[in-house]
Structures are given as structure tokens and as C-alpha cells.
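Colleague: I have a few questions about the labels used for this model. Can we go through the pockets, then the cores?

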Amino acid sequence: IDILKHNFNIFHSIRQTLAGRIFENFSQFSGKPYLYFPLHFEPEASTLVLAPKYTNQLMVIEQLAKSMPCGYKLLVKEHTVMLGSRPKGFYKKIKSMPDIHLINPFEDNFNLIKNSVLTCVITGTAGWEAILLNKPLLIFAQCQYTALKEGFKLVTNIANLETEIDEAINIKAVNEENLKKFIASTFQETIILPGSLYLYSHLGLNGKKIYEGLEGKEIASKIASKLLESINK
């Protein structure tokens, strides 16, 4: 029953989205100054692990709206995978805040970043994309690409967010050579884990779980060996 309810919510949300009942189209904001905030998939490591202080995305959105320059809009785009999965009233709460607009999740993410005055993220891929597109970026927590130490503004004091947004809007783009070195070093340090290290299960004919692949302890041991091997290199 729970699975059927969840699937119905997804189906209903997608239909409402396509009918334009929940979200707005980006076209009406093209050419106007706005901050862009893409909602995170939940639960995921980009918030729970990398940014445990910012797991309440409604709080982050509210603070951005209260701190952005006068005359600006805050465009919030839903993650397509989260359609039908948010708590009841989540979108209603966002819509109740002034100068905030929910954008259709099927809009082009790159287009929204390119045309924004500032992209704001807790962590996540959209922030990395903003750096690659040489667009100003405000980020709330440390993540993989903050090791670059340029091309973005890291929030240090949310109570002073108004100043941090102003600084982020005027941030210099990352140096291209430094960006190339960062990407090259990332590839160089990548560890390739064989497919045999994945553990998954499915229900058999009798309803019992059947596990395929290696057992948990064996997987952990092999992953640890790979990491140690990489460190020793």
C-alpha cells in the first residue's frame, strides 16, 4: 500500500507539473536579475554527510530570500527525482515567501545557471557546473571542489548572509589553469572499484531475500585494501 501511495504521488506530481499547476516556466524571468537555488535530492550525502547543519532546505531558501539584494528574485528548481516525495505543504511554504518562484524541474539546469546573477548551493553538482561555466557561486558547506579555493564564496556566517551574497556576486572566476590541474589531479587519484564489490538483493519465489555478490565484511575489506593501495602509491 505504501509503495502504491508513493507511486501515485509521483504520477500526480508529474501530471500537475506538466499542466503548469505547481511550477512556473523560466521564460518569464529571462533577462531579469535572479539568484538560483536548485533543491537537493533527499536523503543524500551532499547534505547529510557534507552539510549536516544545512539539511533544512526551507531554512536556507528563507535566509537567501531575506538576504538577497532588493529587486532580485530567488528561483528555486525542484530535483526531478523528488517529484511526489516532498512533505505535504513543502511547495506551499516556498510559494508563501516573497520574491521566491518555484521553477519547473524539467527546465534546463545549465540555462538557469548561465543566466543567473548568482548560483547558490548547499553543496552538490550544480555548484561544480557553475564553476565550469565561470558563473558566481555561493556555497554553504565544504565539498570536493572547494579544494580549488577560488571561483566561489563559501558561507562563513549565515547571520551575515547579506554581505556574503554581495561578495559572491562579485567573485572572480576560477583561474583556467588551476581548474585544469584540479580536474587532472582528480582523475589521477580516482580509485576504480570492480563491479564485484557491489552487494544487492532481490526477493526470491518464496519471498525471502536472495543476496548476490560478496558479503558485507568481505566488501569492506576489499574496499579498504584498494584505498590503502592508492595511499601507498
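Colleague: Which residues lie nearest the centre of the largest pocket?

Modeller: This is a predicted model. S13, P87, K88, G89 and Y91 lie nearest the centre, among 16 lining residues. Two or more lining residues come from each of α1 (2–18) and α4.

Colleague: What makes a residue part of that lining?

Modeller: A lining residue has an atom within 4 Å of a pocket point. For the largest pocket, 16 residues count as lining. The space inside is about 410 Å³.

Colleague: How do the residues of this lining divide?

Modeller: Into 5 nonpolar, 7 polar and 4 charged. K88 and G89 are among the residues nearest the centre. Lys counts as charged and Gly as polar, so K88 falls in the charged group and G89 in the polar one.

Colleague: And the second largest pocket: which residues lie nearest its centre?

Modeller: P38, L39, H79, T125 and A126, out of 19 that line the pocket. Its space is about 280 Å³. β1 and α6 (125–132) each supply at least two lining residues. The largest share, 3 residues, comes from α6. By class, the lining has 7 nonpolar, 8 polar and 4 charged residues.

Colleague: Now the interior. What makes a set of residues a nonpolar core?

Modeller: The members must be buried, of nonpolar type, and joined through side-chain atoms within 4.5 Å. The largest such set here has 34 residues. F37, I61, L64, L74 and L138 touch the most other members. Among the elements that give two or more residues are β1 (34–38), α3 (57–67), β2 (73–77) and α7 (161–169). α3 gives the largest share, 5 residues.

Colleague: Which residues does I61 touch, leaving out those up to four places away in sequence?

Modeller: F37, L39, L74, V76, I94, M97 and I100. Each has heavy atoms within 4.5 Å of I61, so each counts as a contact.

Colleague: Which residues of α3 are called buried?

Modeller: Q57, L58, V60, I61, L64, A65 and S67. Buried means under 20% relative accessible area, so each of these is below that cut-off. Gln and Ser are not among the core types, so Q57 and S67 are buried without being core members.

Colleague: What does N56 do at the start of α3?

Modeller: A side-chain oxygen of N56 reaches to within 3.2 Å of the backbone nitrogen of L58. The limit for a polar contact is 3.5 Å, so the pair is inside that limit.

Definitions and conventions:
Residues are numbered from 1 along each chain as its sequence is written. This is a predicted model: local features need pLDDT of at least 70, side-chain atom pairs count only at pLDDT 80 or more; totals for chains, interfaces and linings use all residues. Side-chain values use heavy atoms; hydrogens and water are left out. Buried means under 20% relative accessible area, exposed over 50%, partly exposed in between (1.4 Å probe, protein chains only). Helices (H or I, at least four residues) and strands (E, at least two) are DSSP runs, numbered from the N terminus. A polar contact is a pair of N or O atoms within 3.5 Å; within protein, one must be able to donate a hydrogen and the other to accept it, and residues adjacent in sequence count only if both atoms are side-chain atoms. On a 1 Å grid over the protein atoms alone, a cavity is a set of points where a 1.4 Å probe fits but cannot get out, and a pocket is an open set with protein on both sides within 12 Å along at least five of seven lines; lining residues have an atom within 4 Å of a point. Grid points are joined across faces, edges and corners, and a volume is the space filled by probe spheres set on the points.
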